[in-house]
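Me: Hello! Could you walk me through this structure in a few short turns?
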Amino acid sequence: AVEASHERGTKLGLYFEGYLVDRRAPLAEKALSAWQIVTEQGQPKWWTGEMEFYVCPAVEPWREALSGMFAEVARRTRADAVYIDQYGFSGAHRVCWSPEHGHPVPSNPPFEERKMLELIRRKLDQRAPATALYCEQMPCDGLVRYIDGAFNYGMVDTQASQHPTKLQLMRFVFPEVALIEMISSGIRPIPVPVDDLHRCFFHGLAFWMKGRIES
């Protein structure tokens, strides 16, 4: 939870986890293991340490629960923006093989994420229409219509031979989406190359930094 005062001109952003639920959370009583992603080997999927479990976005009760939390918290706090973590990557490691979730086996992560984002967007428009929605990575084009912004890892997760300009070209295709460059990512702050800061300004992008200002 983050507390901020709009009267002081402070911007308030709220963080929501898109795929993980803590096994100690009240929601886990009905979600574990019925909503959990199942691997191709038939194993339930856990985050490292098996304290948080992956939830399949195709599960309709999960979509209703998460989208409802987004909309209600945004309404109560008058948040400027809400963030859904892990969405946008849509990688193969999020494929679900459960035959009980109502999706084809295996599932299609971008398709299921689209249904979740569509419902979140609809409920936000009903209860907190001024609140923006952004995710962890610029998604494929089929999901862009539901978001207002996205982080982008083009500067920290790139091969120079494939991406020498470090420029997310989708910003020209979808200029309505605010791109926020993750020039420094991870748990601990790391040094930021000055050239990458210059690139952000030159490209007209926002950027995300972490750590004490001296670092």
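Reply: Happily, starting with a term: buried means under 20% relative accessible area, exposed over 50%, and partly exposed in between (1.4 Å probe, protein chains only). This is a predicted model, where local features need pLDDT of at least 70, side-chain atom pairs count only at pLDDT 80 or more, and totals for chains, interfaces and linings use all residues. Residues are numbered from 1 along each chain as its sequence is written, and side-chain values use heavy atoms, leaving out hydrogens and water.

Me: Is Leu169 buried or exposed?
Reply: Leu169 lies in the loop between strand E6 (149-152) and helix H4 (170-173); helices (H or I, at least four residues) and strands (E, at least two) are DSSP runs, numbered from the N terminus. Its relative accessibility is 54%, so Leu169 counts as exposed.

Me: And Gly142, what is its class?
Reply: Gly142 sits in the loop between strand E5 (132-135) and E6. Its C-alpha atom is 8.1 Å from that of Pro110, 32 residues apart along the chain. Because its relative accessible area is 35%, Gly142 is partly exposed.

Me: Which strands are the edges of the open sheet?
Reply: Two strands pair if DSSP finds at least two bridges between them. The six strands run in the order E1-E4-E5-E6-E7-E8, with parallel pairing. Two of them pair on one side only: strand E1 (13-17) and strand E8 (206-208).

Me: Which residue in E5 stands opposite Ile84?
Reply: Strand E4 (residues 81-85) pairs with E5 in the parallel sense over four bridges. Opposite Ile84, the residue in E5 is Cys135.
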